[in-house]
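Biologist: Shall we go through this one together? I would like to ask about its charged side chains, one step at a time.

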Amino acid sequence: MVDWLSEPEHTELRHSFVVWLREAFFATRLPTVALPELHELEEVRIMLSERVVSWTEKWKQDGLRAGLQEGLEQGLESEHRLLQRLIRRRFGEAAAARSVSALATIRNPAVLEDLGEILLDCPDADAWEARLAQHS
């Protein structure tokens with residue numbers, strides 16, 4: 001496009017296209033990206049050739065971080081649900097209901113795993129709730 005619009009009679013069209021790219025296209029598709037001042041199509045071409053690779057890499061990294069966080073959250077939810085089911089089965093609905101708020105504060109998967117083993121060793125709901133209180 002830079003070559004196609006390079007003739008002097010296309011000056012206004014080039015300028016209009018750069019304005020559209022800057023104000024409409026880039027602003028809506030890259031709202032968080034700080035763009036340099038762009039006045040000519042050649043500047044747009046250079047900017048894109050220099051930055052597209054780094055933007056793509058950043059977006060990949062952002063996506064990976066978001067995916068890992070989402071996976072961690074799903075794993076924690078699973079651990080919480082499993083512990084709730086085991087508490088309910090072992091000590092009844094009342095003990096499970098009393099455990100909900102304490103378990104919800106625990107965000108470390110290893111602690112939840114340890115509590116699963118502790119649950120098996122507790123002789124009654126009172127012992128379980130005392131041990132749970134130590135971890136929350």
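Modeller: Gladly! A definition comes first: a patch is made of residues with over 30% relative accessible area and no salt bridge, and like charges are joined within 9 Å. Please keep in mind that this is a predicted model.

Biologist: Thanks! Which residues form a negative surface patch?

Modeller: Asp and Glu count as negative. One member, D114, sits in helix α4, which spans residues 109-121, and D114 is partly exposed at 41% relative accessibility. The negative surface patch is formed by E113, D114, E117 and D121.

Biologist: Now to pairs of opposite charge. How many salt bridges does the count come to?

Modeller: Side chains of opposite charge can pair when their charged atoms come close. Here the cut-off is a Lys or Arg side-chain nitrogen within 4 Å of a carboxyl oxygen of Asp or Glu. By this rule, the number of salt bridges is eight.

Biologist: What separates R45 and E42 along helix α2?

Modeller: These two form a salt bridge, with their closest N and O atoms 2.5 Å apart. R45 is partly exposed at 42% relative accessibility, and E42 is partly exposed at 31%. Because R45 and E42 are three residues apart in helix α2, their separation is about one helical turn.

Biologist: Which residues are linked in a network of salt bridges?

Modeller: A good place to start is D62, which lies in helix α2 (residues 41-91) and is partly exposed, with a relative accessible area of 29%. The side chain of D62 also makes a polar contact of 2.7 Å with the side chain of R65. The network of salt bridges links K58, D62 and R65.

Biologist: How many residues apart in sequence are the parts that E129 and R98 tie together?

Modeller: E129 and R98 form a salt bridge, their closest N and O atoms being 2.7 Å apart. E129 belongs to helix α5 (residues 125-135) and R98 to helix α3, so the pair ties together parts whose distance in sequence is 31 residues.

Biologist: Is R88, which meets E93 in a salt bridge, buried or exposed, or in between?

Modeller: The side chains of R88 and E93 meet at 2.7 Å, N to O. Buried means under 20% relative accessible area and exposed over 50%. R88 has a relative accessible area of 35%, so R88 is partly exposed.

Technical notes: Residues numbered from 1 in each chain as written. Predicted model: local features only at pLDDT ≥ 70, side-chain atom pairs only at ≥ 80, totals over all residues. Heavy atoms only, no water. Patch = residues over 30% accessible without salt bridge, like charges linked within 9 Å, V, L, I, M, F, W, Y side chains within 5 Å. Areas by Shrake-Rupley, 256 points an atom, 1.4 Å probe, with all protein chains shown as cover. Charge placed at Lys NZ, Arg CZ, Asp CG, Glu CD. Helix = DSSP H or I, 4+ residues; strand = E, 2+ residues; numbered from the N terminus. Buried < 20%, exposed > 50% of the residue type's maximum accessible area, 1.4 Å probe, protein only. Polar contact = N/O pair within 3.5 Å; in protein donor to acceptor, adjacent residues only side chain to side chain.
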